[in-house]
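Here is a small set of exercises to work through with the sequence and the coordinates open beside you. Try each task before reading its solution.

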Amino acid sequence: SLGGSKRGGTTPLSRYSLFLPYLHKIKDYIIHYTLFMKSVKHEIKNLKKTAQRILRAVKNKERIILYGDADLDGISSVIVLKEAIKNLGGKVETVYFPDRETEGYGLNEDALSHLKEQAPALLIVLDCSIGNFAEVKLAKKMGFEVIIIDHHQPLKKLPQASILINPKQRGDRYPFKEFANAGLVFKLAEV
């Protein structure tokens with residue numbers, strides 16, 4: 001038969017037909033979302049600036065270090081950005097994930113001590129460090145240029161990174177604020 005063998009009283013075709021009344025709603029949602037995104041006049045704050053800085057680092061063969069949170073979102077963010085840099089002809093010198101049990105969360109002094117021999121370098125911190133004020137200051141003092149890409153809720157003030165991407169930061173007019181960090185990095189890779 002057209003629908004294949006019967007299982008549980010329905011065929012694959014008849015199970016599919018249960019969703020037919022809702023397909024137009026899904027199609028409408030996709031169309032509305034696409035039109036909405038095309039109408040968005042604003043982009044995520046500092047997205048282009050970060051893309052330009054990474055391009056310059058690749059062109060000038062600067063040392064690039066990716067520092068990511070050791071959870072799924074941080075690891076995914078590192079992988080996406082590392083591949084994007086590789087596709088631009090660049091090289092990531094070091095990837096660092098802090099051990100939460102011994103180093104805690106975010107950028108930390110132990111990690112910076114380990115990485116300091118690689119300064120000067122572009123240090124891109126992913127999925128963490130929106131609240132690491134002292135550590136960002138220390139990294140800069142060691143000779144790192146720090147870019148933070150983080151989706152967590154920022155405090156009233158921000159760390160003094162060279163560039164910071166976070167759609168929740170004050171002054172970011174992008175309408176959608178609930179990205180996973182890997183989503184922010186994907187948007188960066190699209191620029």
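**Exercise 1. Find out how far the model can be trusted.**
What is the average pLDDT of the chain, and what share of the residues score at least 70?

*Solution.* Start with the whole chain: this is a predicted model, and its pLDDT averages 88. Next, take the share above the threshold: 80% of the residues score at least 70. Then look at the start of the chain, where the pLDDT is below 50 over residues 1–9. In the model, that stretch has 11 contacts beyond its near neighbours in sequence. Where pLDDT is low, predicted coordinates should not be read in detail. Please treat the contacts of residues 1–9 with that caution, given a pLDDT below 50 there.

**Exercise 2. Describe the chain as a whole.**
How many helices and strands does the chain have, and in what order do the elements run?

*Solution.* Count first: there are 8 helices and 5 strands. Now walk from the N terminus, and the order reads α-α-α-β-α-β-α-α-β-α-β-β-α. For burial, 39% of the 191 residues count as buried. For the surface, about 11600 Å² is exposed, with carbon and sulfur atoms supplying 57% of it. Finally, consider contacts with a separation of 6 or more: residues 24 or more positions apart account for 62% of them.

**Exercise 3. Classify the aromatic pairs around F179.**
Which geometry does each pair have, tilted or edge-to-face?

*Solution.* A search of the whole structure gives 3 aromatic pairs. Take Y174 and F179: their ring centres are 5.9 Å apart and their planes meet at 40°, a tilted pair. Move on to F176 and F179, which are edge-to-face because the planes stand at 80°, with 5.0 Å between the centres. Putting the rings together, Y174, F176 and F179 make up one aromatic cluster.

Now add accessibility, using under 20% as the cut-off for buried. Y174 is buried at 5%, and F179 is buried too, at 13%. F176 has 41% relative accessibility, so this residue counts as partly exposed.

**Exercise 4. Locate the charge placed over a ring.**
Which residue lies over the face of F133?

*Solution.* Go to the ring of F133 and look along its face: K157 lies there, 4.9 Å from the ring centre.

**Exercise 5. Work out the surroundings of N132.**
Where is N132 found, and is this residue buried or exposed?

*Solution.* First, place the residue: N132 sits in the loop between β3 (121–126) and α7 (133–142). Second, check the accessibility: N132 has 11%, so it counts as buried. Third, look for a polar partner: the side chains of N132 and S129 are joined by a polar contact of 3.0 Å. Fourth, leave aside neighbours within four places in sequence, and the contacts of N132 are Y105, G106, L107 and P159.

**Exercise 6. Trace the packing of L112.**
Which helix holds L112, and which residues does L112 touch?

*Solution.* The helix is α6, residues 109–115. L112 counts as buried because its relative accessible area is 0%. Without residues up to four places away in sequence, L112 touches L107, L123, E135, L138, A139, M142 and F144. Pick out L138 from that list: L112 and L138 are 26 residues apart along the chain, and their C-alpha atoms are separated by 8.2 Å.

**Exercise 7. Pick out the backbone features.**
Where is the cis peptide bond, and what phi do N46 and D127 have?

*Solution.* Begin with omega: it is about 0° for the peptide bond joining A119 and P120, which is cis. P120 belongs to the loop between α6 and β3.

Then turn to phi. N46 is not a glycine, yet its phi is positive, about 75°. N46 lies in the loop between α2 (20–39) and α3 (47–59), and it is partly exposed, with a relative accessible area of 21%. D127, also not a glycine, has a positive phi of about 70°. The loop between β3 and α7 holds D127, and the residue is buried, with a relative accessible area of 0%.

Key
Residues numbered from 1 in each chain as written. Heavy atoms only, no water. pLDDT = per-residue confidence, 0-100. Contact = heavy atoms within 4.5 Å. Phe/Tyr/Trp six-rings, centres within 6.5 Å; stacked < 30°, edge-to-face > 60°. Buried < 20%, exposed > 50% of the residue type's maximum accessible area, 1.4 Å probe, protein only. Lys NZ or Arg CZ within 6 Å of the ring centre and 35° of its normal. Helix = DSSP H or I, 4+ residues; strand = E, 2+ residues; numbered from the N terminus. Polar contact = N/O pair within 3.5 Å; in protein donor to acceptor, adjacent residues only side chain to side chain. Areas by Shrake-Rupley, 256 points an atom, 1.4 Å probe, with all protein chains shown as cover.
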